[in-house]
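The exercises below ask you to read surface patches, strand pairing and backbone geometry from a structure. Try each task before turning to its solution.

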Amino acid sequence: MKKFYYLFVLGLFFSASAFAQTGTISGTVIDDATGDAFTGVSVVLVELQKGDPSDIDGNYELTNIPYGTYTLRATFVGYENFETQVTVNSASTTVNISLKPTVGAFDEVIVTAFGLSREEKSIGYAVQDVSGDDLTLANESNIVGALAGKVSGVQVIGTSGANIGGSSKIRLRGTNGLSDGQPLFVVDGTPINNRSFSSSTRGRDFGNLAGDINLDDVESVSVLKGAAASALYGNRASNGVILITTKGGSLGENQPLEVNFKSSTTFDNVYILPEYQDEYAGGYTQNFIPVVDPVDGQTYNTLNYAADESWGPKMDGTTYRPWYSWYQADVDGDGTSEYGKTIPLRSNPDNVRNFFDTGLSFDNYLSISGGSRNATYRVSIDNKQQTGVMPNSELDVTSLGFNGGLRHNDKFISNVRLNYINTKGSGRPPQGYSPTQGNAVQSFNQWFQRQLDMDMLRNYRATDGTLTSWNIRSATDTRPLYWDSPFFSIYENVPEDSRDRFYGNYTIGYNILSNLTVEAKVHADIYDFVVEDRIATGGLEQDSYSIAKRSNKEINYEIGVNHQTEFEDFTFNSFAGANLRQERYNSLTSSTVGGLSTANYFNISASVDRPNVNSFKSDKDVRSIYGTTTIGWRDIVYADLSVRNDWSSALPEDENSYLYYGISGSFVLSELQFMQSQNILSFAKLRASVAQVGDDIGPYQIQQTYGSGGNYGSSPTQFVPNSINNSNLKAAISSDYEFGADLRFLDGNVRLDLNYYNSVREDEIISLTVPGSSGYNTAIVNAGEFTTEGFEVQLGATPYSTRDWNVDLTANWATSTSTVNKLADGLTSRQLERAFFGVFLFAREGEEWGAIVAPGFETDDNGNRIVNPNGAYSIENNKDLGYLLPDYTGGFRADVSFKNFNLGTFFEFQKGGQFYSITKMFNAYSGLGIGTVGDNTLGNPLRDPVLDSNGAEVTSVALANAASNSGGVLVEGVDSNGNPVAYLTEAQTHYARMFGVKENWLYDASYVKLREVNLNYNLPQDLLSKVSIKRASVGVSVYNALLIYSSVDGVDPSAIQNGTTGFSFWEGGGLPGTRSVSFNLNLSF
Amino acid sequence: MIFRTRKNKLSIMKKSLFIGLLTFLIIGCSDFGDINVDPNNPSTVKTDLLLTNSLTSISAVVGATTGTLYVQYISETQYTESSRYQTSSFDFNGWYSGVLQDLQTIIDLNTNPETAPDVLSGGSNGNQLAVANIMQVYYYHFITDRWGRVPYSEALKGNENLTPAYDGQDAIYADMIQRLKDAVASMDGGTGVRGDIIFGGDMDRWEDFANTLRMRIALRMSEANAGTAQTEFNAAVSAGVITSDVMYPYLAEAANENPWYSRFQTRTDYAISSTLADTMQSLNDMRLTVFANPAPDLDNGDGTVELSEINGMPYGISNAGDITNASISFPGSAIGAGGPSVGQQDAPLPIFTVAEVNFARAEAAARGWGGTAATFYNAGIDASWAQWGVDGDAAALTAYKADPAVAYDANNWREQIGYQKWIALFPQGYEAWSEWRRLGFPALTPAPDPLNNSGLIPVRHAYPTSETDLNKENYDAAVAAQGADELDTNLWWDQ
């Protein structure tokens, strides 16, 4: 692929002029190492700037060469340059060329800004590449998820696999500013929108839009982390750039047609759930409630069905009336009513697990590629059909890709890349903490009765049509109280979404002079996204329907000039360009108000009250010019200068222009003479850079406007917005510097890359929280100074390599610290987010970003928890509880191949960082979690009543005064004078109190995870050649194979992202983690 | 001239033209025209629409739950943390950035000579100023009675002052009274205000409203500044107070429905408190049959509500335990509650009632500010029974007024008025809470399982936590002047 790109560029240098007396130079190019014919090598007559790439058989031919003596040069990436003097004095001259590979192939090519391929050694900043094959080791289809752990300094906050097609977030180098922005995604030069959408009502997550990128089409991904690397992409690159290059065909005479077919079948299963207790049933007390059945006059044991907690009677087999025994109609659809039925009260340990399905997905991919002397093409089609572990959830993604290039003549090339993706989702699961009834998983982990038999809930409509629920108000009133049957929500409240996405570009290139080319490009990224959400009639929630249509269009017009020249020992490679970016977004959202006029008639016209209808439009233009030049000296020293100026329509007119620059350099130590004499350090490069990148704002934040409120009856309303717009804003500039070294030992068998960076962001444009008493809640200001500093290491080794065996190991590790040096004047603290139930995230002056503040345990000077005389931990409000971001992150990969077998394993780890688990908190509060049962320090069940020395039942008693048969949870600490104390506190009271101690529900986010395992078998070549198959492999891969270490049970710290917003420091109502097993087939013809 | 190739010359020309044009577009100008003019929000404002919006916030004063819990009108059923005073910090930011700022904008636009002529579609400038000022005082009074010292004189100045200082409550009270007087004075006899969902632009009724509010404020400082209280109270009464109940008009539409109706749509979190139910049952107070629905287990099903069918929920216990929904009474449809098909979506809630005016005047008389206390006291009971539509049974009303625990006793006026006002103010929780704090009656027992440190019923709200971050200097000064920022610090008028 990279060869192909070079050919394109070099193909521009051909000239078509003719002279009177001419001859032809021709010959064959071979690989010196193998003796094989070498295709695609650029063979050039330097003086004439005339060249030809070698064809499939390694042949080249340069015609119409005027008689004379010339320098013939053949170059290919990863091979030493070949150069010889040729004298043309006859009709035909033959020069055969043999290219030697450079040792360890160190002249790797990296795709940098604007698709410019650059030799890695010339780059003065850290860029890390991941090949497309490495991304798709296992079947993770979201590019963000697939990058997890594979690039140093990249932290991915994933989502549960149950959230099919859901959003993953990415952090490059910690957080890069107060607002924790996301990097820019660029595919083949086209910026790709990566917005995430969720439904407003119940947190359904419709995915981050970069997830549309089909990973099977990806050739490679370059992660540009620092400003020097990304600055040329302009203001949106201030959080880095994920640069994606897709596959194309190959240029050359008689390129073979290559057909690639991939098929995989994936099974998803829930693999991580909170540990539940299976000893006590639903209720608020351990007593059965006696109820007289009005039909037979008998008294029965009942549970408190209205309770959605599990502090109820022991599940010891006592006979009782389950919830469904109070419905007159047949509840489970077996033909007979369950009315009056009694059963023994026993546990159902797998009831939650039984709710989930095995998810199944089929992914079929076909690509056809090829090329000729003047044209290349590649088309691909992919279809993925998936059903999730959440019942009734489905996702269907179809994508088409086309990549075609034409060499019109010696001067003209053009290239088209088109991608179309259609995504259809149905039943995407609700997420997050919701006060309403919609989220089944929230119910299981927070508000549930442990004894429930999931199968009795499946048939959520009794035979007489009434909706059934376990959570009935009482034995005689079977209307649901807080919760409908979870299956009702899943099967009747079905959202649907559909997105048509198109992105691609058209490029024309023209070779003005042999070393001067012009390229004009049009890039487009367009989507139309329709989301419908429904709440069915008859459930607890008011029925409703909403539909949101969103359209986005971003067009970039770009023109660039590339010039290369040499002067003695210096080489110059320059690029200048201009870009016009147009962003056009509009949406129309509407929802019914006050219910549906006709049951289950899902249409806006069914709105009982005036529906909410909202149209929104957002336009922004950015105009830019930029230039870069790389100066090289003898392949030893390179210097790179770049500069860019942007004009943004969103900034105030007199401040809408901003300029920034970058300087970087590299020094290839190993090219020096004295280094050539040793063979330990085979390659060494030092690099350094200093650069800036500017950032501006979204539109319409300059002028004061007013808001239109909801109507009061037929009267419209207006209000003064809560945010002060600011007509004095200016662009924010962040600047950074970095140093690094790229060292390779023992012919490249050991590879080490080190990088240090320091980035400062000043005058960031933020929506600053101000005291509401000013009349506003926020003010948009330039404020703050923010530093991120960090260190990244990549280590690779090929410790064992023989004919049959190959072992490859790679590891990466990164640490970063983000510090808030300064906030706005007079402000030392800024609230970033408030999680449910009062856990706060702050940016505070002089501290690490992401301070977590919440009520915590009050401690004495020695760190002992203070316990009040009522047996409760004393609470310190607004306690500082540490920081959000991890200490370090990384990944480790081991690939072992033996003959035709290849085993890949990929581990990912994170040390430190914290998250707040609402699931765990409610698991305890509601008596559902395993922690709420067991024996206390006296050896008695901790849920037994707390008894004082007289045997009287109390809420809490000092341990010393407790009866020997007392229950209760041990609460230990010191009193206000520092003397050790211990109490037994009644379990339900204790966990209700712990609900208020948020510190208890903060967990260390460290984990080690065997993220991916992949076993592949390549079918033997001799077998395949008989059936004219070029390559064939079969394999099995596992994603989320094993959570090896985590400080918290039942929640996966690597997948806490729920919904699409926020700073990813809490989970709640989160979907369970899933494990995927895929069976893969890959055929090439 | 660079393009020497003959082939494709035309298309090259076109392309070079395109490229040239593009270059010109990019480099030629930094002028983006109107592209950054917000199409989603209007750049101008109509004061009548601002007023409508400002008046809808009354619902959040009269329909709130917190006060109804503190004075034990209502008991939470299962999740009782609020009843047990778990929350100490309450947020006032939204009141300022929301309704107070909207009203300030009406005031500014009508005051500025440049804009005043443009906003006459909202009514005459004087009348708009009057209503906007009255309503600002209404909301400020509500705010200062919850938090005490609050930003006032320096508030609502936007960028000019992002960190407003707090004013003492005595100064706020003095200014509120002055502003009410000025507001009435500024009424210019011109076109009444438009967008008025309370009085339909009837300026006479706004005058009564202003005087009634002034009367309420004056009475509130009866113990902190008795002299001014008496003067202003009497002046307000002579200027003319309301003669019919002022109700907040909810609509039969989801966006503007009664909040008690909303609360019972899908949940049953709030029951009638046994504190209220037991007191009223013991006095045979028929208003309870409207305040509460029968407990299903006690309902004899004859379609009329009897006192004996009502069972209150114990207040402030840690959770419902085995108390089922079937055994307790929920609020009645008269305040909107009861859920779909049972509740009344557009049930109005009281802002000012004739009963309150009468009890205020009874108290004034008892304090020796003039008038006959017993007359006003009995008139208050009559007005309240009438307000709730239970005055049809004249014998019950007469018997009630004659009950020794009810009949006016000059030696015990504080307790009697305290109890009667408490019942009459139902369900205006915040107003009842203020009057309980001031009078010390009814005698309420704090939640048995409190979550606050003192275990006492709160007497103020703590400031929003954001103030310690965003406005620390002024916050610290306020706390130093007022006392610890917690629920137990008494306000200026409640010493």
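In this predicted model, a patch is made of residues with over 30% relative accessible area and no salt bridge, and nonpolar side chains (Val, Leu, Ile, Met, Phe, Trp, Tyr) are joined within 5 Å.

**Exercise 1. The nonpolar patch**

Task: Find which residues of chain A form a nonpolar patch on the surface, and establish which strand supplies the largest share of this patch.

Solution: Begin with the members, which are Leu641(A), Val643(A), Leu659(A), Tyr661(A), Ile663(A), Val690(A), Tyr737(A) and Phe739(A), with about 680 Å² of accessible area together. Next, assign them to strands: S36, S37 and strand S42 (732-745) of chain A each supply at least two residues of the patch, and the largest share, three residues, comes from S37(A). Finally, take one member as a check: Tyr661(A) is located in strand S37 of chain A, and because its relative accessible area is 35%, Tyr661(A) is classed as partly exposed.

**Exercise 2. The negative patch**

Task: Identify the residues that form a negative surface patch, and decide whether Glu653(A) counts as buried or exposed.

Solution: The negative patch is formed by Glu653(A), Asp654(A) and Glu655(A) together with Asp31(B), so that residues from chain A and from chain B take part. Glu653(A) itself belongs to the loop between strand S36 (637-648) and strand S37 (657-668) of chain A. The cut-off for an exposed residue is over 50% relative accessible area, and Glu653(A) therefore counts as exposed at its relative accessibility of 60%.

**Exercise 3. Strand S28 and its partners**

Task: Determine how many bridges join S27(A) to S28(A), and which residue in S31(A) stands opposite Phe412(A).

Solution: Start from strand S28 (residues 412-426) of chain A, which is mostly covered, with 11 of its 15 residues buried. Strand S27 (residues 394-407) of chain A runs antiparallel to S28(A), and 14 bridges join the two. The connection between S27(A) and S28(A) is a hairpin of four residues, and within this pairing Glu394(A) has Ser426(A) as its bridge partner. S28(A) also pairs, again in the antiparallel sense, with strand S31 (residues 496-513) of chain A, here over 15 bridges. In S31(A), the residue opposite Phe412(A) is Tyr510(A).

**Exercise 4. Backbone exceptions**

Task: Locate Asn64(A), which has a positive phi although it is not a glycine, and then state where Pro427(B), which follows a cis peptide bond, is placed.

Solution: Most residues other than glycine have a negative phi, and most peptide bonds are trans. Against that background, Asn64(A) has a positive phi of about 55°; this residue is found in strand S4 (residues 59-66) of chain A, and its relative accessibility of 39% makes it partly exposed. Arg634(A) has a positive phi of about 50°, but its place is in the loop between strand S35 (607-633) and S36 of chain A, where it is partly exposed because its relative accessible area is 48%.

Turning to chain B, the peptide bond from Phe426(B) to Pro427(B) is cis, with omega near 0°, and Pro427(B) sits in the loop between helix H16 (413-425) and helix H17 (429-439). The bond from Phe441(B) to Pro442(B) is cis as well, with omega near 5°, and Pro442(B) lies in the loop between H17 and helix H18 (466-470) of chain B.

Key: Residues numbered from 1 in each chain as written. Chains lettered and ligands numbered in written order. Predicted model: local features only at pLDDT ≥ 70, side-chain atom pairs only at ≥ 80, totals over all residues. Heavy atoms only, no water. Patch = residues over 30% accessible without salt bridge, like charges linked within 9 Å, V, L, I, M, F, W, Y side chains within 5 Å. Areas by Shrake-Rupley, 256 points an atom, 1.4 Å probe, with all protein chains shown as cover. Salt bridge = Lys/Arg side-chain N within 4 Å of Asp/Glu carboxyl O. Charge placed at Lys NZ, Arg CZ, Asp CG, Glu CD. Buried < 20%, exposed > 50% of the residue type's maximum accessible area, 1.4 Å probe, protein only. Pairing = 2+ DSSP bridges.
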